[in-house]
Amino acid sequence: MSLAPPAAPPMRAPRWRIGGGRVMTIDRPIVVGIVNVTPDSFSDGGRFFRPADALAHAATLLEDGADVLDVGGESTRPQGAAEVSEEEERRRVIPVVRELGRRFPDAILSVDTVKAAVAEAALDEGVHIVNDVSGMRLDARMAATLARGDAGVVLMHSRGPVSEMGTTRHATYGPDVASEILAELLGAVDAARAADIADDRIVVDPGIGFAKRTEHSLAMLAALPRLAAWQYPVLVGVSRKRFVGELTGEQEPAARVAGTTGANVAALLLGARLFRVHDVKAARQALDVAWAILHGAATQRGAVEDDA
């Protein structure tokens with residue numbers, strides 16, 4: 001498997017085609033706010049498990065500047081997550097995305113799932129993006145499900161099942177960590193393209209902290225320019241992660257905001273453009289200021305348009 005960019009450059013303009021006939025212009029940092037409707041997520045498990053709490057939290061994230069809301073009903077926490085059934089995950093996620101679509105019709109909604117049935121149900125409710133942290137590894141039906149729709153697709157690198165991918169059980173890499181991770185992620189991209197998922201629907205995520213020790217996450221962050229060279233928009237999820245805690249000495253995930261901010265700004269400099277975070281306001285302000293310094297102009301809000 002080659003690590004060279006795809007033969008036909010997939011995206012020359014920074015535009016991401018998402019569901020509902022919309023196009024998101026990736027010409028500034030895009031902040032993706034996390035809405036966990038789970039009882040056991042590593043950082044905020046249980047706080048937003050009740051739909052009413054999840055909806056209130058989502059409203060706060062939008063007010064704080066989130067461009068996208070990413071709703072997930074199955075934890076991949078580093079302590080080892082308990083897998084949930086399709087029925088239970090749908091029960092957690094679908095009422096929330098349905099009500100979010102009703103209350104916030106202009107909001108961009110994403111569902112974080114590895115299950116094709118959950119993705120399909122969410123797409124039927126008008127969700128714009130499917131974020132598969134398994135890179136379509138864990139459900140043979142996912143590629144075909146996504147190919148039938150027009151939603152944006154996030155392909156993330158990980159190893160192992162849901163119950164293990166957030167741990168270090170599969171963090172066994174050779175001397176060139178980044179090349180190994182990129183090769184596996186490129187396999188997911190190849191599978192998406194083979195399923196006729198268009199290039200302008202794909203975003204790639206190196207899976208920071210998933211089947212990765214601190215040194216592996218740092219190596220992959222340093223290699224972001226190689227990933228960005230593929231010309232797909234790059235999403236990173238460093239928020240409150242274990243490697244931030246190990247580098248800062250902060251034991252509590254919620255106390256890792258400053259370290260997360262540093263990692264996000266570094267990732268921006270290295271080519272990332274989408275940032276999945278718990279603390280939207282901190283990310284929004286830091287990334288906007290960094291972008292203004294880099295480009296000599298303030299960012300403009302409202303980067304979504306109809307797909308004419």
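**Exercise 1. Find the partner strand of β4 and place the helix beside the pair.**

*Solution.* Five bridges connect β4 (residues 68–72) with β5 (residues 108–112), and the two strands run parallel. This is a predicted model. Take one residue pair to fix the register: Val71 has Val111 as its bridge partner in β5. Now add the helix. α2 (residues 86–103) lies across both β4 and β5. Its direction makes an angle of about 155° with β4.

**Exercise 2. Write down the strand order of the sheet, then name its edges.**

*Solution.* Strands of a sheet pair through backbone hydrogen bonds, in either a parallel or an antiparallel way. Here the pairing is parallel, and eight strands form an open sheet. Read across, the order is β8-β7-β6-β5-β4-β3-β10-β9. The edge strands are β8 (202–205) and β9 (235–236). Each has a single partner strand, so one side of each lacks a neighbour in the sheet.

**Exercise 3. Trace the neighbours of β3 and decide whether the strand is buried or exposed.**

*Solution.* Start with β4. β3 pairs with β4 in the parallel sense, over five bridges. Within this pairing, Val35 stands opposite Val71 of β4. Next take β10. β3 and β10 are also parallel, with four bridges. Ile30 has Leu274 as its bridge partner in β10.

Now check burial, which requires under 20% relative accessible area. Seven of the seven residues of β3 (residues 30–36) are buried, so the strand is largely enclosed by the rest of the structure. Sort the side chains by direction. Ile30, Val32, Ile34 and Asn36 point one way. Val31, Gly33 and Val35 point the other way. All of these residues are buried.

**Exercise 4. Explain what the salt bridge of Arg284 ties together.**

*Solution.* Side chains of opposite charge can pair when their charged atoms come close. The structure holds 22 salt bridges. In one of them Arg284 pairs with Asp67, with 2.7 Å between the closest N and O atoms. Locate both ends. Arg284 lies in helix α11 (residues 280–295), and Asp67 lies in the loop between α1 (51–64) and β4. The pair therefore ties together parts that are 217 residues apart in sequence.

Check accessibility. Arg284 has 4% relative accessibility and counts as buried. Asp67, at 12%, counts as buried too. Finally, widen the view: Arg28, Asp67, Arg284 and Asp288 are linked in a network of salt bridges.

**Exercise 5. Classify both ends of the Arg169 and Arg193 salt bridges by accessibility.**

*Solution.* Use two cut-offs: buried is under 20%, exposed is over 50%, and partly exposed lies in between.

- Arg169 bridges to Glu164, the closest N and O atoms being 2.6 Å apart. Arg169 has 60% relative accessibility, so it counts as exposed. Glu164 has 18%, so it is buried.
- Arg193 meets Asp199 in a salt bridge of 2.9 Å, N to O. Arg193 is at 28%, so it counts as partly exposed. Asp199 is at 17%, so it counts as buried.

**Exercise 6. Name the residues of the nonpolar surface patch and place Leu270.**

*Solution.* Leu269, Leu270 and Leu294 make a nonpolar surface patch of about 260 Å². Leu270 sits in the loop between α10 (257–269) and β10 (274–277). Its relative accessible area is 31%, so Leu270 is partly exposed.

Conventions. Residues numbered from 1 in each chain as written. Predicted model: local features only at pLDDT ≥ 70, side-chain atom pairs only at ≥ 80, totals over all residues. Heavy atoms only, no water. Pairing = 2+ DSSP bridges. Contact = heavy atoms within 4.5 Å. Axes fitted to C-alpha atoms, helices over the stretch in contact; angles between N-to-C directions. Salt bridge = Lys/Arg side-chain N within 4 Å of Asp/Glu carboxyl O. Buried < 20%, exposed > 50% of the residue type's maximum accessible area, 1.4 Å probe, protein only. Patch = residues over 30% accessible without salt bridge, like charges linked within 9 Å, V, L, I, M, F, W, Y side chains within 5 Å. Areas by Shrake-Rupley, 256 points an atom, 1.4 Å probe, with all protein chains shown as cover.
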